[in-house]
Amino acid sequence: MKRESRRERAEREARAADAILLIERLEQLGVRWPVKVHENRRVLVSFTDRSGLRIHRGFAYASDRTLGAVIAFVSPGRRHSTRKRSEAEVVSFPVENYVRLKPQRKRRTRERPEDRKLLNELRELHARFNDEHFEGKLAPVQFRISNRMRTRLGELSVDSRTDEVIEISVSRRHLQRDPWDEVRHTVLHEMIHQWQAENGTALDHGPTFRAKAGEIGVIPRANRAVDRLRPAS
Ligand SMILES: [Zn+2]
């Protein structure tokens, strides 16, 4: 087990303290949903009936007025104009002034020269599908070709602490054996999980996934599971 450095420990404690403070303040303002505090800058605030309110840690330092705007923004049944006004207030809150941004985690890339062409094709596929099916809203993502994945075809890695998407892995076996059309299908499938992660909804194959897959035209495979969902640590 790796020992935690003094700085890491201080950061972990600060993170926990911010989360407790923020949850308490929201409860004082009347919030009764489950609240999860995260550090994903792309999705400051999100809400679903199932997972409740997910909110960026920086809001621990926001005024009551701003927290009120958060609540108005996510509360069901508010008027469109109210929601729009609240949204503007929420997104203008500068979380980065309060929470030091973590440098993007760089995984050691063992990119083989002969894989470069393939990785480029995967990235191009991602960019095209992003425009075609996600209004270009998904963040660009790194791809990795996995030698270890045997039964799974693809996998989306998400930082379990910040919910940031790290990368999409595609099985080398899959790339070597299966027609390109099936690879495209795998990439789209993982992109739906990316879309879930970036919108703060649960990473699963539940109704949200199926609705999006239906809209895009991804057919759920009956004969083998595309992936197993497991957050990366
Ligand atoms: Zn999946």
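Select helix 6 and helix 7 (residues 207–216) to start. Their axes lie 10 Å apart, and the two helices pack at an angle of about 130°. Angles of 115 to 145 degrees are neither roughly perpendicular nor roughly antiparallel, so helix 6 is oblique to helix 7. Now check the hand. Helix 6 passes helix 7 in a right-handed crossing. Bear in mind throughout that this is a predicted model.

Next, keep helix 6 (180–198) on screen and add strand 2 (45–48), helix 2 (64–74) and helix 3 (80–91). Each of these four elements supplies at least two residues to the lining of the second largest pocket. The volume of that pocket is about 610 Å³. To find its centre, select Val43, Val45, Phe73, Glu87 and Asn199. Of the 23 lining residues, these five are the closest to the centre.

Which helix gives the most to this lining? Colour helix 3: it leads with six residues.

Now colour the lining of the second largest pocket by residue class. You should find 11 nonpolar residues, eight charged and four polar.

Why does the second largest pocket lie between domain 1 and domain 2? Colour domain 1 (6–97) and domain 2 (113–216) separately. Both domains give residues to the lining, so the pocket sits between them.

For the last stop, hide the rest and keep helix 2 and helix 3. Both have already appeared as contributors to the pocket lining. Look along the pair. Their axes come within 8 Å and cross at roughly 135°. That angle makes helix 2 oblique to helix 3. What is the hand of the crossing of helix 2 and helix 3? This one is left-handed, while helix 6 passes helix 7 in a right-handed crossing. Display both pairs together to finish the tour.

Technical notes. Residues numbered from 1 in each chain as written. Predicted model: local features only at pLDDT ≥ 70, side-chain atom pairs only at ≥ 80, totals over all residues. Heavy atoms only, no water. 1 Å grid on protein atoms, 1.4 Å probe; cavity = no way out; pocket = protein on both sides within 12 Å on 5 of 7 lines; lining within 4 Å. Points joined across faces, edges and corners; volume = space filled by probe spheres on them. Nonpolar A, V, L, I, M, F, W, Y, C, P; charged D, E, K, R; others polar. Domains from an automatic or database assignment. Axes fitted to C-alpha atoms, helices over the stretch in contact; angles between N-to-C directions. Parallel < 35°, antiparallel > 145°, perpendicular 65-115°, else oblique. Left-handed = near helix turned anticlockwise from the far one by under 90°.
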